[in-house]
Amino acid sequence: MHIVHIASELAPLAKVGGLADVLLGLCRELSWKGHDVDIIIPKYDCLDSDQIRDLSIAYHDLKSYYKGQWHSNIVWVGWVENLKVYFIEPQHYRYFFNRGCFYGCEDDIERFLYFSRAALEFMLKTQMQPDIIHTHDWHTAAVAPLYYELYKTPEFSKPRIIHTIHNIEYQGECAPADLDAIGLNGAELLKPDKLQDNYALANINLLKGAIVYSDRFTTVSPNYAKEITTPLGGRGLDATILKYANKFSGILNGIDYSYWNPEIDRYLPVHYSSRELPANKKDRNTLDKKGFIKRLLRERLDLAEEHCPIIGCVCRLVPQKGTDLIKHALTYALKHGGQFILLGSSPYPEINAEFHALKQQYIDNPHVHLILHYQEEFSHLIYAASDLFIVPSLFEPCGLTQMIALKYGAIPVVRNTGGLADTIFDVDYSEKGGNGYTFDFPDTIGLESALSRAFDCWFHDPDKWRKLMVSGMDIDFSWNEPSNQYIKLYQEVINSPS
């Protein structure tokens, strides 16, 4: 099959959240299984261009429609992790993607609507006829209505549209005039059975448009698929999802073990695995090397070298992630003989200010270190050095950090929600056999109940803890099975009547 992914992010060169990692991991797995995979993303001026090989111009003057005129675009092509990636660079006078950022502009809606139409225009002009066009989140949700309202013709009729919802909280609400700008009829689409928001009736909802117009749509875990059909989880789209339930499914994300793997990790000073060897044999890759990384990171961050567990946390500091509970975990670690390391940043000024104040409060504390800007190397080191890894999300579509933590021998402490509930089972209460510690309610009582049991095991039952580490590292959360599910979905939609 020929599959084209259109998205706003791609690891490692344009990464804000999990979407970037998911796109890279899924596309690599599809490619390894013999499918022809292309990716289209914006050419941001802040791309990590060192990660692109053989970058060149693929199309000098691609014309795309916006606000009554046809504007020029340059389309670049290069290779990222052995995947062919096209980069659309608008020559529009507002330079939509020359902002020094990926998101956070006042005109984000216009930027990604422009990009969505330009991506389709590129496929049309180059006679690219993929079997599947796979779009992601609200940023490229307009591709489905654009294709079926404007682009599908006898000459361009082969593609089927799959859309994945990575986080339903962000839906792309906008005005009908925003659709007019890219050549759609905003007034015609402002209807309950099309793109009209289910509550703000004067608004267009782009994510709803992808649900209505796509041939199939998915989300990133089976449990989250159930949650977003409820009024609480659906964020206003639950009725629409239920209406189209016959074309909806939840497929659990995977982890790219060529990138997230302590046996080969490019960022680690030494490598290790879950292998256990007799005492009279030596192997530089055994689990004990995790302790060396723990000592090394403590030295780099000026933390005390003591016999105590490290709680790690790597996340975007947004309300969804349970920022108050993250702060409480820090306090708990200090009160109960642990250490706490955080790597994260926030687009919210008030949360950003809170954590910078916290950093100053603990600046000289030998048991706390906060890194408040993202650094890829430190994220890998923190996974490798941590004993526990906390994910106290208020809701979590899938979550990758808990699966990465397991691979690195860090035991997750998570709230029982979304994809966290699909991947982490409580050591003390699960009938499936536990691989972490969970709590149900997003409050300090629930968090402390899980942390206290984890600390008790770490301090008083090291044999049990080591067995947990080894069994967790051996769980397969690779993209192998999820990619098989996507391939099956692609084949079903290709073979179904138009």
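Q: Which element gives the most to the lining of the second largest pocket, and with how many residues?
A: Helix H10 gives the most to the lining of the second largest pocket, with five residues. Please keep in mind throughout that this is a predicted model.

Q: How is such a space found, and what is the volume of the second largest pocket?
A: The general idea is that a probe the size of a water molecule is rolled over the atoms, which shows where empty space is left. In this structure, the second largest pocket has a volume of about 450 Å³. Its lining is made up of 20 residues, and those that lie nearest the centre of the pocket are Gly-291, Lys-294, Asp-387, Trp-458 and Met-469. Two or more residues come from each of helix H10 (289-300), helix H16 (444-460) and helix H17 (462-473). Sorted by character, the lining holds eight nonpolar, three polar and nine charged residues.

Q: Helix H17 was named there; is its residue Lys-467 buried or exposed?
A: Lys-467 is found in helix H17, and it counts as exposed because its relative accessibility is 61%, where the cut-off is over 50%. A distance can be added to this picture: the C-alpha atoms of Lys-467 and Asn-435 are separated by 9.8 Å, although the two residues are 32 residues apart along the chain.

Q: How many cavities of 30 Å³ or more are there, and which residues line the largest cavity?
A: A cavity is a space in which the probe fits but from which it cannot get out, and the count for this model comes to one cavity of 30 Å³ or more. About 60 Å³ of space lies in the largest cavity. The residues that line the largest cavity are Asp-21, Leu-24, Gly-254, Ile-255, Asp-256, Tyr-259, Trp-260, Leu-400, Ile-404 and Trp-479, and they divide into seven nonpolar, one polar and two charged.

Q: Turning to the strands, what is the order of the open sheet, and which strands are at its edges?
A: In general, the strands of a sheet pair through backbone hydrogen bonds, and this pairing is either parallel or antiparallel. Here an open sheet of nine strands, with mixed pairing, has the order E3-E4-E5-E2-E1-E6-E7-E10-E11. Its edge strands, each pairing on one side only, are strand E3 (53-66) and strand E11 (248-250). On average, neighbouring strands of this sheet are turned by 25 degrees against each other, with direction ignored.

Q: Where can I look for an example of each sense of pairing?
A: For the parallel sense, take strand E1 (residues 2-6) and strand E6 (residues 132-136), which pair over four bridges; there Ile-6 stands opposite Thr-135 in E6. For the antiparallel sense, take E3 and E4, which pair over nine bridges, and where Tyr-65 has Trp-70 in E4 as its bridge partner.

Q: Which helices lie across strands of this sheet, and at what angles do they run?
A: Helix H2 (residues 108-125) lies across E1, strand E2 (36-42), E3, strand E4 (69-80), strand E5 (83-90) and E6, and it runs at about 105 degrees to E3. Helix H3 (residues 143-151) lies across E1, E6 and strand E7 (160-165), running at about 160 degrees to E7. The buried residues of H3 are Val-143, Ala-144, Pro-145, Leu-146, Tyr-147 and Tyr-151, and they pack against E1, H2, E6, E7 and helix H6 (206-213).

Q: Which residues should I look at to learn about unusual backbone angles?
A: The general rule is that most residues other than glycine have a negative phi, and that most peptide bonds are trans. In the hairpin of E3 and E4, which has two residues between the strands, Lys-67 takes a positive phi near 50 degrees. The loop between E4 and E5 holds Glu-81 and Asn-82. Phi of Glu-81 is positive, near 50 degrees, while Asn-82, although it is not a glycine, has a positive phi of about 65 degrees. Glu-81 counts as partly exposed because its relative accessibility is 24%, whereas Asn-82 counts as exposed because its value is 58%. As for peptide bonds, the one from Ala-11 to Pro-12 is cis, with omega near 0 degrees, and Pro-12 has its place in the loop between E1 and helix H1 (18-32).

How values were computed
Residues numbered from 1 in each chain as written. Predicted model: local features only at pLDDT ≥ 70, side-chain atom pairs only at ≥ 80, totals over all residues. Heavy atoms only, no water. 1 Å grid on protein atoms, 1.4 Å probe; cavity = no way out; pocket = protein on both sides within 12 Å on 5 of 7 lines; lining within 4 Å. Points joined across faces, edges and corners; volume = space filled by probe spheres on them. Nonpolar A, V, L, I, M, F, W, Y, C, P; charged D, E, K, R; others polar. Pairing = 2+ DSSP bridges. Axes fitted to C-alpha atoms, helices over the stretch in contact; angles between N-to-C directions. Contact = heavy atoms within 4.5 Å. Buried < 20%, exposed > 50% of the residue type's maximum accessible area, 1.4 Å probe, protein only.
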